[in-house]
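Hi everyone, thanks for making the time. Please bring the sequence and the structure up on the screen, and we can walk through them together.

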Amino acid sequence: MYIKKVIIEGFKSYREETSTEPFSPKVNVVVGANGSGKSNFFHAIRFVLSDMFQNLRSEDRGALLHEGAGHSVVSAFVEIIFDNSDNRIPVDKEEVRLRRTVASKKDEYYLDGKHVSKTEVMNLLESAGFSRSNPYYVVQQGKIASLTLMKDSERLDLLKEIGGTRVYEDRRRESLKIMQETANKRKQIDQVVRYLEERLRELDEEKEELKKYQQLDKQRRSLEYTILDHELNDARNELASMDDNRRQISERMSQADNEVVELRERVKSLEKEIKASTKGINETKSEKDDAEKKRTEALKVVSQIELDLRDLKDRISSGKRAKDEAVRELNSMRKESEKSKSELAQISKVHAAKLKEEEDISKSIMDREKRLSILYQKQGRATQFKNEAARDEWLRKEIHDLERVLLSNRKQESLLQDESQKLKDEINKLTNHIESRRSESSKLEAVLADKQKNHNDFTKQKNALQDERKSFWKEETSVTAEIDRLKEDLVKAQKSLDHATPGDIRRGLNSVSRIIRDHGIGGVFGPVLELVDCEEKFFTAVEVTAGNRLVPCGG
């Protein structure tokens with residue numbers, strides 16, 4: 001494979017299309033004067049084959065276009081024709097055309113006239129031996145001189161690079177790096193596998209629980225289905241009963257319609273009664289309003305009396321509580337006084353016993369001293385002691401014993417005196433406490449007497465208010481009875497009016513009243529018939545003038 005022909009147009013100094021003669025398969029030499037375009041011809045070949053002109057920006061592509069006098073060049077291309085008789089390029093042709101077209105906004109490749117991508121072109125050149133890792137298939141100007149001046153180590157690297165071994169070393173390093181990454185990933189995968197195994201065990205346990213849950217859920221659904229089936233049967237039975245009731249109601253409605261027809265015939269005869277009833281209703285309304293006013297005033301008075309009575313009850317209850325509390329305090333004081341008296345009696349007994357004991361001890365000491373003196377008188381000094389030293393020793397011992405006894409008696413006497421003094425102080429304190437309690441008791445008795453007097457006064461006021469309330473109750477009962485009587489008259493009059501009113505109008509008025517009551521609609525006061533009031537002599541004139549318009553509601 002070799003370059004057979006090069007075609008250039010618009011590239012650098014080649015404005016017009018320039019085509020070379022077919023090159024020799026061996027050595028070809030390009031000669032010419034300076035500025036004739038030899039370097040640009042060399043750049044045109046590199047423009048297509050090497051990666052020197054890859055990743056061009058818009059201004060870089062514009063620099064490749066011809067810049068000269070005349071019309072500006074919009075695009076340029078370089079086409080290289082290869083002799084592919086040895087099929088080095090994996091294309092089933094003996095001649096392969098590779099063209100690269102460049103413009104300010106495009107950079108495209110064509111293979112045998114067909115548009116191909118840059119990656120496809122690079123892969124095709126790689127397969128033909130134009131490797132990016134070994135760019136020495138094109139030797140630039142001045143490169144040979146630099147090769148001759150290289151060091152041995154640099155020349156060895158160059159030979160390795162030309163021979164393609166550097167690629168394998170790079171691939172070896174990449175492979176080792178990939179192996180290290182693979183080992184790390186394997187460790188991670190082992191950890192993930194262990195985690196997955198643990199998770200699988202947990203999932204197995206959850207699977208068993210899920211099976212149990214599914215069984216129980218199945219039982220629950222079956223029970224729910226059974227319950228729903230029973231409920232469905234009950235609903236069907238209720239629906240059937242409701243259908244029967246509906247048929248019965250329909251029959252009743254038909255009967256009611258027949259009755260309405262009959263009642264319409266009676267309307268004319270009841271018109272006079274309606275007039276009289278309307279007048280009575282108006283009078284009843286006025287009487288009802290007066291009764292309501294009286295009842296409201298009576299309720300106000302009753303509520304005021306109840307409030308006063310409640311205040312009196314509160315005062316009485318507070319007086320009772322104060323009295324009870326005073327009684328309780330008096331009883332507690334009396335109990336404390338009795339307790340203090342009993343304690344005083346016990347202390348007095350103990351004090352007397354201690355005094356008696358002190359007297360007994362003093363008497364025993366005196367008796368012993370007398371007996372000791374008698375014994376001294378009976379015994380002779382010569383017969384009692386062998387010598388004077390023995391007698392002195394015995395006397396010193398006796399004196400020591402007697403002093404010890406005397407000291408203990410004195411201590412006992414001082415203790416008894418202290419205890420007696422304490423008892424006396426305690427008696428004085430208890431006496432003072434009893435006196436203070438007695439004074440407080442007298443004060444509480446006086447307060448209790450005042451409370452009792454107030455209680456009696458409140459009781460009299462309560463009785464008077466109860467009598468007054470009973471009189472108000474009687475008046476309220478009479479007013480309530482009058483109101484009930486008026487309500488009954490109003491209901492009777494309303495029934496008479498309903499009987500005299502056609503059925504459809506009556507049902508419409510009832511529906512309107514129910515809607516107003518349920519939804520709280522304001523501004524509607526009732527039918528016009530109930531809102532019109534006039535003297536009896538004008539009834540006929542009003543009826544003739546209004547006609548059927550007396551029934552609609554007014555607001």
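Let's begin with β1 and β2, which pair in the antiparallel sense over 2 bridges. Within that pairing, Ile7 has Ser19 in β2 as its bridge partner. Please keep in mind throughout that we are looking at a predicted model.

On to the next pairing, β1 with β3. These two run antiparallel as well, and 7 bridges join them. If you want a residue to click on, Val6 stands opposite Ile80 in β3.

From β3 we step across to β4. Strand β3 covers residues 75-83 and strand β4 covers residues 95-103; they run antiparallel, with 9 bridges between them. Here Phe77 has Thr101 in β4 as its bridge partner. Hold on to Phe77, please, as we will come back to that ring.

Next comes β5, residues 107-111, which pairs with β4 over 5 bridges, again in the antiparallel sense. The connection between β4 and β5 is a hairpin of 3 residues. Across this pairing, Leu98 faces Leu111 in β5. Leu111 also stands opposite Lys114 in β6, and that belongs to the pairing of β5 with β6, antiparallel over 3 bridges.

So what order do the strands take in the sheet? Reading across, it is β2-β1-β3-β4-β5-β6: 6 strands in an open sheet, with antiparallel pairing. The edges are β2, residues 18-19, and β6, residues 114-116, each of which pairs on one side only.

Now for the helices that pack on this sheet. Helix α1, residues 38-49, lies across β1, β3, β4 and β5, and runs at about 80° to β3. Helix α3, residues 118-128, lies across β4, β5 and β6, at about 50° to β5.

Let's turn to the aromatic rings. How many aromatic pairs does a search of the whole structure find? The count is 2. Take Phe11 and Phe47: their ring centres are 5.1 Å apart and their planes are at 40°, so this pair is tilted. Phe11 is in the loop between β1 and β2 and Phe47 is in helix α1, 36 residues apart, so the pair links distant parts of the chain. Are these two rings buried or exposed? Phe11 is buried, because its relative accessible area is 0%, and Phe47 is buried too, also with 0%.

Then there is Phe23 with Phe41. This aromatic pair is edge-to-face, with 6.4 Å centre to centre and 65° between the planes. Again the pair links distant parts of the chain: Phe23 sits in the loop between β2 and α1, Phe41 in helix α1, 18 residues apart. Both Phe23 and Phe41 are buried.

Some of these rings have a charge over them as well. The charged end of Arg100 sits over the ring of Phe47, 4.2 Å from its centre. And here is Phe77 again, as promised: Arg99 lies over its face, at 3.9 Å from the ring centre.

Let's move along the chain to helix α9, residues 503-519. There is a nice check to do here: at 1.5 Å a residue, 17 residues should span 24 Å, and the end C-alpha atoms are indeed 24 Å apart, so the two agree. Just after α9 comes Gly520, with a positive phi near 65°.

A little further on is Glu536, in the loop between α10, residues 528-531, and α11, residues 539-546. Is Glu536 buried or exposed? With a relative accessible area of 52%, Glu536 counts as exposed, because the cut-off for exposed is over 50%. Have a look at Lys279 too: Glu536 and Lys279 are 257 residues apart along the chain, yet their C-alpha atoms are separated by 7.8 Å.

To finish, the whole-chain picture. The chain has 11 helices and 8 strands. Of its 555 residues, 20% are buried. Among contacts with a separation of 6 or more, 64% come from residues 24 or more positions apart.

That's my tour. Thanks for listening, and I'm happy to go back to any view you like.

Definitions and conventions: Residues are numbered from 1 along each chain as its sequence is written. This is a predicted model: local features need pLDDT of at least 70, side-chain atom pairs count only at pLDDT 80 or more; totals for chains, interfaces and linings use all residues. Side-chain values use heavy atoms; hydrogens and water are left out. Two strands pair if DSSP finds at least two bridges between them. Helices (H or I, at least four residues) and strands (E, at least two) are DSSP runs, numbered from the N terminus. The expected span of a helix is 1.5 Å times one less than its number of residues. Contact means heavy atoms within 4.5 Å. Axes are lines fitted to C-alpha atoms, for helices over the stretch in contact, and angles run from 0 to 180 degrees between N-to-C directions. Rings of Phe, Tyr and Trp (its six-membered ring) pair if their centres lie within 6.5 Å; planes under 30 degrees apart count as stacked, over 60 as edge-to-face and the rest as tilted. Buried means under 20% relative accessible area, exposed over 50%, partly exposed in between (1.4 Å probe, protein chains only). A charge sits over a ring if NZ of Lys or CZ of Arg is within 6 Å of the ring centre and within 35 degrees of the ring normal.
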